[in-house]
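Morning, everyone. Here is the structure I want to walk through today. Take a moment to look at it.

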Amino acid sequence: MSKRILLFLVDGMRPDGMQQAETPIIDGLMATGAWTLTARTVMPSITLPCIVSLFQSRTPQQHGVTSNTFIADAIKPGLIEVLAAAGRTVATFHNWEQLRDLSRPGALRASLYLNNCHDPDGAGDTALTVATIESLRRDPVDLAFIYLGYTDVAGHDHSWMSAPYVAAIENADRCIGLALSALGSDYGIVITADHGGHDHSHGTDTDEDMRVPLVIHGHPRLTQGQMLPDPVSIIDVAPTILDWMEIAPPDHWVGRAIEGAR
Ligand SMILES: [Zn+2]
C-alpha cells in the first residue's frame with residue numbers, strides 16, 4: 001500500500017551535529033524507524049549538485065549539475081516526473097531559490113519558495129514550515145519535499161559544529177515536529193541532508209562534508225529502530241521512495257531501493 005511521504009532535507013546537517021543537538025523529534029523517529037548516520041552524498045558536496053542527484057538518482061558527473069548553477073538539460077525524468085506520470089501528486093517547499101528547477105514544467109501540484117533562509121535564528125525555516133502545513137492541510141499530496149536552509153547558513157556564518165549551527169539543527173527538529181503534529185500519521189517520513197561541512201564551508205570529499213544522516217519512518221519493511229547497513233547513498237533515496245510507493249524506477253537511475261539488515 002502506498003502512503004503519503006514527507007521528505008525533509010536539512011541543508012548541511014552533519015550526522016554528528018544531529019547527535020550533538022537536542023533533537024527529540026528525530027530521535028523518536030529513529031527509535032521506531034530505520035536510520036543511518038553514515039550515508040554518503042556525492043561529489044562535489046555542494047547543495048544543488050547533491051539535491052539534483054537525490055531527485056535524479058544519478059551522480060553530478062552523470063546529470064551535469066556540478067555547481068550551484070542550474071543546467072536545464074540535466075533534468076531527465078527524476079522522482080518528481082516519475083511520480084507525476086504515475087498519477088501521484090508532488091509539492092515542493094523551499095527557502096533557497098535554486099531549487100525551483102528540480103523538475104520539469106508540468107509535474108508539480110504545488111510549489112512554494114520563500115526568500116527567508118537567512119532570517120536570524122532559523123525563523124525563516126519555521127515560517128516556511130508553517131506555510132507548508134497550511135498548504136498540505138488544504139491540499140494533501142503524495143510526496144512533499146520540504147527544504148530547510150538555515151542550518152547551512154549558520155554553518156557558513158559561525159562554522160560547522162559551532163553552537164549557532166547546533167541550535168539551527170535544533171530549530172529544524174522543531175520544524176519537523178510542527179509538521180508531524182499538524183499533519184499526523186497520514187505521512188511516512190524521510191529526513192536527510194545534502195552534505196555536511198567543516199570550518200565555514202563544504203564541497204570536499206572528506207567525511208565531514210560527505211557524511212549525511214538518513215532517517216526513514218513508516219516504511220513497512222524498514223521499522224523499529226533498525227540501523228541500515230552500509231553503503232547508503234543520497235542517490236538511493238528516490239528509488240527507495242518509489243519502492244515504498246510500489247512504482248518501478250526508470251532504467252537510467254543508478255541508485256537502488258534501500259533494504260533493511262538481513
Ligand atoms: Zn553551503
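How many bridges join E2 to E7, and do they run parallel or antiparallel? Five bridges join the two strands, and the sense is antiparallel. One pair to find on screen is alanine 39, which stands opposite valine 212 in E7.

Before going on, a caution. This is a predicted model.

Now the overall picture. The chain has 10 helices and eight strands. Its C-alpha trace spans about 45 × 40 × 40 Å along the principal axes. With 262 residues, a compact globule would have a radius of gyration near 18 Å, and the chain has 16 Å, which agrees. Of those 262 residues, 53% count as buried. Take the contacts with a separation of 6 or more: residues 24 or more positions apart account for 68% of them.

On to the sheet. The eight strands form an open sheet with mixed pairing. Read the order as E4-E3-E5-E1-E6-E7-E2-E8. The edge strands are E4, residues 110-113, and E8, residues 226-227. Each of these pairs on one side only.

Let's walk in from the E8 edge. E2 covers residues 34-40, and it pairs with E8 in the parallel sense over two bridges. There, tryptophan 35 stands opposite methionine 227 in E8. We have already had the step from E2 to E7, with its five antiparallel bridges. Next, E6 and E7 pair in the antiparallel sense over four bridges. In that pairing, valine 190 stands opposite isoleucine 216 in E7.

Stay on E7 for a moment. Which faces of E7 are covered? Both are. On one side sit Arg211, Pro213, Val215 and His217. On the other sit Val212, Leu214 and Ile216. Seven of the seven residues of E7 are buried, so the strand is largely enclosed by the rest of the structure.

Now the helices around the sheet. H10, residues 237-244, lies across E1, E5 and E6. The helix runs at about 170° to E6. H10 is mostly covered, with seven of its eight residues buried. Those are Val237, Ala238, Pro239, Thr240, Ile241, Leu242 and Trp244. The cover includes E1, H3, H5, E5 and E6. After H10 comes glutamate 246, with a positive phi near 60°.

H3 is in that list, and H3 is our next stop. Why call H3 largely enclosed? Because 10 of the 10 residues of this helix, residues 47-56, are buried. They run from polar names such as Thr47 and Gln56 to Leu48, Ile51 and Phe55, among others. What covers them includes E1, H4, H5 and H10. So H3 and H10 turn up in each other's cover. H3 is followed by serine 57, whose phi is positive, near 50°.Next, the core. The largest nonpolar core has 81 residues. Which of them touch the most other members? Leu7, Phe8, Ala144 and Ile146 do. Helix H8, residues 163-183, gives the most to this core, with eight residues. Alanine 144 is worth a click. Leaving aside its neighbours within four places in sequence, alanine 144 is in contact with Leu6, Leu7, Ala91, Phe93, Thr132 and Leu136.

H8 also has a helix partner. H2 and H8 pack at an angle of about 65°, and their axes are 7 Å apart. From H2, the contact uses Pro24, Ile25 and Ile26. From H8, it uses Asp173, Ile176, Gly177 and Leu180. By class, that contact has five nonpolar, one polar and one charged residues.

Last stop: threonine 23. Where is it? Threonine 23 lies in the loop between H1 and H2. Is threonine 23 buried or exposed? Threonine 23 counts as buried, because it has 24 C-beta neighbours inside 10 Å, and the cut-off is 20 or more. Aspartate 173 is 150 residues away along the chain, yet the two C-alpha atoms are separated by 5.5 Å. Setting aside neighbours within four places in sequence, the contacts of threonine 23 are Met18, Ile169, Glu170 and Asp173.

That's the tour. Over to you for questions.

Definitions and conventions:
Residues numbered from 1 in each chain as written. Predicted model: local features only at pLDDT ≥ 70, side-chain atom pairs only at ≥ 80, totals over all residues. Rg over C-alpha atoms; globule rule 2.2 N^0.38 Å. Buried ≥ 20, exposed ≤ 12 C-beta atoms within 10 Å, placed from the backbone. Contact = placed C-beta atoms within 7 Å. Pairing = 2+ DSSP bridges. Axes fitted to C-alpha atoms, helices over the stretch in contact; angles between N-to-C directions. Core = buried A, V, L, I, M, F, W, Y, C linked by C-beta atoms within 7 Å. Nonpolar A, V, L, I, M, F, W, Y, C, P; charged D, E, K, R; others polar.
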